[in-house]
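Here are my comments on the model you sent, set out as numbered points. They begin with one of the helices and then turn to the domains, the ligand and the backbone.

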Amino acid sequence: MFVFKAAVVGAGTMGGEIACALASADIPVVLKDVDRGFVDQGLEKARSIWQGSVDAGKLPAEAVEQRMALIDGTTVYDGFGDVDFVIEAVPERMEIKQDVFAELDLVTPGHAILASNTSALSISEMADATSRPDKVVGFHFFYPASMMRLVEVIEGDETSTETVQAAVSLAQTIRKLPIRCAEAPGFVVNRILNSSFGEVFRFQEEHGFSYEEVDAAMADAKASPMGPFYLVDLLGLDTVAHVGRHLNDSFGDRFPLHRGMLERVERGDLGAKTGRGFYEHGK
Ligand SMILES: NC(=O)c1ccc[n+]([C@@H]2O[C@H](COP(=O)([O-])OP(=O)(O)OC[C@H]3O[C@@H](n4cnc5c(N)ncnc54)[C@H](O)[C@@H]3O)[C@@H](O)[C@H]2O)c1
């Protein structure tokens with residue numbers, strides 16, 4: 001199936017980036033959020049990514065407006081009547097996702113594939129909220145989605161082979177590298193990432209090192225482009241904590257939880273998106 005038009009639901013940390021990745025491949029995309037402020041933030045995110053490419057001499061200046069014209073930012077479902085592929089990127093809570101999938105089932109054409117950017121939740125449970133479980137699939141980007149090449153394509157219990165093929169093909173069209181995964185806790189990447197981060201979290205809390213010390217040591221060791229605590233701030237503490245809980249529930253202490261992270265989530269200090277997490281962030 002060719003994707004002539006796509007939609008992204010949720011314009012937070014991931015939504016604007018995903019819309020940018022789609023429009024960069026000349027696919028028109030509707031970007032919807034419940035909050036106009038987040039829609040505008042998502043549009044601004046896409047613009048700043050393309051402007052960065054212009055500044056680096058990698059994109060002609062006129063491409064920014066041409067690509068911006070491909071993204072239709074909205075707070076309503078107008079514009080979903082002729083979409084072929086929708087990517088849901090709302091908060092990592094099953095009840096919110098199921099409400100969105102039930103709405104999408106009503107407002108999109110019958111052939112449209114409904115995909116979720118979930119980091120950990122069950123695709124099959126989201127599919128249960130629709131009348132087309134064969135057309136529901138996981139389509140999991142990594143932050144920042146405009147740059148990171150990997151996309152996990154996750155098969156639910158009833159996802160059809162045609163749907164998986166269409167998802168793989170869309171990922172390739174937007175120049176990503178799809179890998180197919182089963183609906184297992186953490187899928188592939190978060191299972192691997194959290195097994196190493198879990199050890200860092202345990203070590204930091206047991207020895208009382210500061211977040212800065214741990215991040216600096218990891219950066220010095222060239223273990224990753226930035227330390228784990230700073231990365232968690234960018235990803236969103238609520239999202240990372242949710243994945244951590246899911247893995248901890250599934251596998252126990254092999255995936256330890258970080259108490260400092262859970263306390264911050266409790267207080268609403270979710271990282272860069274709220275201005276404070278392990279670090280302070282300017283707006
Ligand atoms: N943050 C990451 O690094 C990351 C990486 C990969 C996958 N994910 C996954 O992507 C999804 C979104 O994560 P995020 O970090 O972008 O979350 P976020 O909290 O930054 O953004 C979520 C957005 O969804 C909007 N929203 C809430 N209810 C809505 C509804 N009913 N309809 C439309 N919009 C609605 C919110 O207003 C908000 O703008 C989650 O499933 C998460 O697990 C996140």
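1. In this predicted model, helix α4 covers residues 94-107 and so has 14 residues by the stated bounds, with a distance of 20 Å from its first C-alpha to its last. That reach is close to the 20 Å expected at 1.5 Å a residue. The buried residues of α4 are Lys-97, Val-100, Phe-101 and Leu-104, and they cover an arc of only 100 degrees around the axis, which puts them on the same side of the helix. Please note that a lysine, Lys-97, is listed among these buried residues. On the other side of α4, Glu-95 and Leu-106 are exposed.

2. What do the buried residues of α4 pack against? Their partners are three strands, β1 (6-9), β4 (85-88) and β5 (113-116), together with helix α5 (123-127).

3. Helix α6 can be read in the same manner. It spans residues 161-173, has 13 residues, and reaches 18 Å from its first C-alpha to its last, which is close to the 18 Å expected at 1.5 Å a residue. Thr-163, Ala-166, Ala-167, Leu-170 and Ala-171 are the buried residues of α6; seen down the helix axis they fall within an arc of 135 degrees, so they line one face of the helix. The face turned away from this buried side carries Thr-161, Glu-162 and Gln-165, which are exposed.

4. The packing of α6 involves strands: its buried residues pack against β4, β5, β6 (136-140), β7 (150-155) and β8 (177-181). Strands β4 and β5 are thus named as partners of the buried residues of α6, and they are also named as partners of the buried residues of α4. After α6 comes Arg-175, whose phi is positive, near 65 degrees.

5. At the level of domains, the protein is divided into domain 1 (6-181) and domain 2 (189-274), and the C-alpha centres of the two lie 26 Å apart. Nine residues of domain 1 are in contact with ten residues of domain 2. By class, the side of domain 1 that touches domain 2 has four nonpolar, three polar and two charged residues.

6. Where does the ligand lie with respect to the domains? Domain 1 and domain 2 both give residues to the shell around the ligand, so the ligand lies between them. The ligand is surrounded by 29 residues, and the closest are Gly-10, Gly-12, Thr-13, Met-14 and Tyr-143. Sorted by class, this shell has 14 nonpolar, ten polar and five charged residues.

7. Several points of backbone geometry deserve a check, because most residues other than glycine have a negative phi, and most peptide bonds are trans. A cis peptide bond joins Tyr-143 and Pro-144, with omega at about -5 degrees. Pro-144 is found in the loop between β6 and β7, while Tyr-143 is listed with the closest residues to the ligand.

8. Two loop residues have a positive phi without being glycine. Asp-26, with a phi of about 65 degrees, lies in the loop between α1 (15-23) and β2 (29-32), and with 11 C-beta neighbours inside 10 Å it counts as exposed. Phe-187 has a phi near 50 degrees and is found in the loop between β8 and α7 (189-207). Is Phe-187 buried or exposed? With 22 other C-beta atoms within 10 Å, Phe-187 is buried, the cut-off for that class being 20 or more.

9. Two further positions can be placed by their surroundings and by distance. Gly-260 lies in helix α11 (residues 259-267) and counts as partly exposed, with 15 C-beta neighbours inside 10 Å. The C-alpha atoms of Gly-260 and Gly-186 are separated by 21 Å, and the two residues are 74 residues apart along the chain. Ala-56, placed in the loop between α2 (36-55) and α3 (62-68), is exposed, with 8 other C-beta atoms within 10 Å. From Ala-56 to Val-107 the distance is 40 Å, C-alpha to C-alpha, for a sequence separation of 51 residues.

Definitions and conventions
Residues numbered from 1 in each chain as written. Predicted model: local features only at pLDDT ≥ 70, side-chain atom pairs only at ≥ 80, totals over all residues. Near = placed C-beta within 6 Å. Nonpolar A, V, L, I, M, F, W, Y, C, P; charged D, E, K, R; others polar. Domains from an automatic or database assignment. Helix = DSSP H or I, 4+ residues; strand = E, 2+ residues; numbered from the N terminus. Expected span 1.5 Å × (residues − 1). Buried ≥ 20, exposed ≤ 12 C-beta atoms within 10 Å, placed from the backbone. Arc of directions from axis to C-beta. Contact = placed C-beta atoms within 7 Å.
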